[in-house]
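Colleague: Got a minute? I'd like to go through this model with you.
Modeller: Sure, let me put it up.

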Number of protein chains: 2
Amino acid sequence: MVRVAYMSKMYAPTLKELPAEAEIASHKLSLRAGLIRKSASGIYSFLPLGYRVIKKIEDIVRDEMDAIGCQEVLLPIVQPAELWRESGRWDDYGPELARFNDRHEREFCLGPTHEEIITDMVKGEIRSYRNLPFTLYQINMKFRDEVRPRFGLLRGREFNMKDAYSFHTTQESLQEHYDQQAAAYGRICERLGLDYRPVDADSGQIGGDVSREFMALADAGEAELVYCDCGYGATTESLGEDFDPSIEHSCPKCGAPLKLVRGIEVSQVFQLGTKYSKVMGLTYQDENGVDQFPFMGCYGVGVSRSMAAVIEQSHDDDGIIWPVSIAPYQVMIIALSSDDEAFNYADSLAQQLVEKGVEIVVDDRDERAGVKFADADLLGFPLQVIVGKRGFEAGEIEVKIRKTGEKHVVALDDATTEIKQLLDRL
Amino acid sequence: MVRVAYMSKMYAPTLKELPAEAEIASHKLSLRAGLIRKSASGIYSFLPLGYRVIKKIEDIVRDEMDAIGCQEVLLPIVQPAELWRESGRWDDYGPELARFNDRHEREFCLGPTHEEIITDMVKGEIRSYRNLPFTLYQINMKFRDEVRPRFGLLRGREFNMKDAYSFHTTQESLQEHYDQQAAAYGRICERLGLDYRPVDADSGQIGGDVSREFMALADAGEAELVYCDCGYGATTESLGEDFDPSIEHSCPKCGAPLKLVRGIEVSQVFQLGTKYSKVMGLTYQDENGVDQFPFMGCYGVGVSRSMAAVIEQSHDDDGIIWPVSIAPYQVMIIALSSDDEAFNYADSLAQQLVEKGVEIVVDDRDERAGVKFADADLLGFPLQVIVGKRGFEAGEIEVKIRKTGEKHVVALDDATTEIKQLLDRL
């Protein structure tokens, strides 16, 4: 059941003084707007407004995964060392892998990625080629012990990620699903309102030969990127040592001058081939009853990082500008008058909109108008509906579009319809 | 978007041979029906069918929490030792608290419970009595390094839990919310279809004076319980050393003979008082500007444990019997005939039911009828719809109610309506 939310009851503490370590817009605004709070270096709590955004991103990712036939599972965060020894990564991974001994002195790690766990899990259960292909995914917390956690959610240690793993009898089947995942990742970026470029990528510690990253265009990211409006994009690293980013280059696709930026990697797809199935002994029987190693792919979306990337791309000096798709609430009704009649109208408008499926928060706090306007801009709900005493007496309310600043005066009787229409146009 | 699921594509490996350690029904059936798989002692993965149940339990819990005004957050799994030193529990908690050092040799633990994290988080942000009361909750994985993990999800190490924390200016306000939580916990048990009793409880390592547990009646649990059909229940432990469970006792409420059972603790509510706010220095200013320590409560629901408790109470020799509220799918359509016309009918029936909001899985596998019937009973979907060649030609299908075994013959044209009606009656 969807309910109207009230600012007077909401745990949404805004901050005026920021820690010096908050250098970039998404980090500053996530703290100022009360989306997250730090518990330790690179480790954050999500407050109610921030967690609503996270859940909406998760739902978009889930919807796109389900649409291409992936199945959701939940894999352990705490993983036994044996499996990482089997794959060889217990030694290879280095200090980013957080390790501990349990009370019986058995070794474990906190999962930074789940190739070992899933390969082990399906071992012995995919008996025949008829069981393939399939793809499992999870949305879960991961831990990477970054040497220098920074930029808030952009490079945290504990983070929220969607990771999918696919299993195939042939390279062609893997390629087909890899392309489906890449297409889904493009749709996810679009539904999040991100300006992004897919680029060729290095497979790093995951392994495999073929990989692409989806980069949100932003200076705050950790990768340097050249890109073009035509859709072309490449990391400067991938262009080789001779590439000089300080001089102008032409787009290899359309010839226009390339632009330069430090991009945010929001998602990545990998073709793992038979790397994990071979080393961990995962086999299936082919049509002739012969044991074969399945081809695997893995596909990750940084959920909490995507939230930071959206803020990085979509804010102004006053605060966040949420796209409708992941706004914590779509509409904030700012009740300015403590006059009963005006307030009751604001509240009944909220109820009507909720019944039409609009997510509404009413600012019913006993605060000055200036404080409410500033908070509404900071929190970044797509539409602000201002119900003041004078306007109300004149039979009007004001609707402000956060993104453009555009204001509409709307007659009280038309409010529900007009607000719905404005929202649909955003 | 809701889609029809097909068994031929589903990752739902059923097991015939069970590990010897699986002693109780919920553990055996969770493994046999392909709901969970073990990754290490007390550490499980949830497969697609199992995770659907978990998400439904989470949604019921979320709905009941939201209904009493609680706000959802997400707190870190990895927690800094400093906070546990502040509360004194770094030393008190013992080896159940899994600890590790990060790459910079700073000490951390994996959260078995989140009083420290949340008390620290709200510190400095609740400035005034006007900010109270409020309740925050999360649904997240926790880790407790049990000395002897057993019974599958009943006593695991990594487990899924809802934990809520409330903050109040007075004991009366705490009592009021504690009562609301207890009422919500009763509703949660009812929506899960659990036969349960609330009992007075020991506060253990959480602390505080007042606590109640919600016990699912089952022999497989770890607590010994006397109970009565009138609603009375008590742990034998709470009745004192002199209480002899081997002789018959009368119910103190209604006089009927008490029954004995080892119950499963599915949830617990605690009044913490000012224990954590005092020791961690959490204060607010009262009406006179004087610093005060808020009263706190905490409230936990074992999500994965609830799934085990439901199976423990609701199964037979053939498999699980899911209540409609948390069944992975509400209806399984068993397509017996490979005849195109009959199969197309089964598929179009599935599409029609999905459009009416019914969750459907079609068993379209190339398997013998006996295998399909056995798997349908094992997996425990509330309704089985059997589309066979002979019945189809006679214009009929069969609908079986998993719980009672009752069978209904339904005309093809009436199928959607009759299946909806049967489901509503369950």
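Modeller: What follows is a quick chat about the chain contact, the domains and a pair of helices.

Modeller: One thing before we start: this is a predicted model.

Colleague: Fine. How many residues of chain B are in contact with chain A?
Modeller: On the chain B side there are 58 residues in contact, and they meet 58 residues of chain A.

Colleague: And how much area do chain B and chain A bury between them?
Modeller: About 5,000 Å². Carbon and sulfur atoms carry 56% of that area.

Colleague: Which residues in chain B lose the most area to chain A?
Modeller: Those are Y11(B), L74(B) and R103(B). Taken together, they give 16% of what the chain B side buries.

Colleague: Switching topic: what does the domain assignment give for chain A?
Modeller: Domain 1 covers 25-316 and domain 2 covers 329-425. The centres of these two domains of chain A, taken over C-alpha atoms, are 39 Å apart.

Colleague: How many residues does each domain put into the contact?
Modeller: Domain 1 of chain A puts in 7 residues, and domain 2 of chain A puts in 7 residues. The area buried between them is about 640 Å², with 52% from carbon and sulfur atoms.

Colleague: OK, helices now. At what angle do α2 and α8 of chain A cross?
Modeller: Helix α2 (residues 48-67) and helix α8 (residues 303-313) of chain A cross at roughly 110°, and their axes come within 9 Å.

Colleague: Why do you call α2(A) and α8(A) roughly perpendicular?
Modeller: Because angles of 65 to 115 degrees count as roughly perpendicular, and α2(A) and α8(A) therefore fit that description. The crossing of α2(A) and α8(A) is right-handed.

Colleague: Which residues make that contact?
Modeller: From α2(A) you have G50(A), V53(A), I54(A), I57(A) and E58(A). From α8(A) come V303(A), S304(A), S306(A) and M307(A). By type, the residues of this contact are 5 nonpolar, 3 polar and 1 charged.

Colleague: What about chain B, how do α2 and α8 pack there?
Modeller: In chain B, helix α2 (residues 48-67) packs on helix α8 (residues 303-313) at an angle of about 110°, with the axes 9 Å apart. The crossing of α2(B) and α8(B) is right-handed.

Colleague: And who's in the contact on that side?
Modeller: G50(B), V53(B), I54(B), I57(B) and E58(B) sit on α2(B), and V303(B), S304(B), S306(B) and M307(B) on α8(B). The split for the contact of α2(B) with α8(B) is 5 nonpolar, 3 polar and 1 charged.

Key:
Residues numbered from 1 in each chain as written. Chains lettered and ligands numbered in written order. Predicted model: local features only at pLDDT ≥ 70, side-chain atom pairs only at ≥ 80, totals over all residues. Heavy atoms only, no water. Axes fitted to C-alpha atoms, helices over the stretch in contact; angles between N-to-C directions. Helix = DSSP H or I, 4+ residues; strand = E, 2+ residues; numbered from the N terminus. Left-handed = near helix turned anticlockwise from the far one by under 90°. Contact = heavy atoms within 4.5 Å. Nonpolar A, V, L, I, M, F, W, Y, C, P; charged D, E, K, R; others polar. Domains from an automatic or database assignment. Buried area = accessible area lost by both parts, 1.4 Å probe. Parallel < 35°, antiparallel > 145°, perpendicular 65-115°, else oblique.
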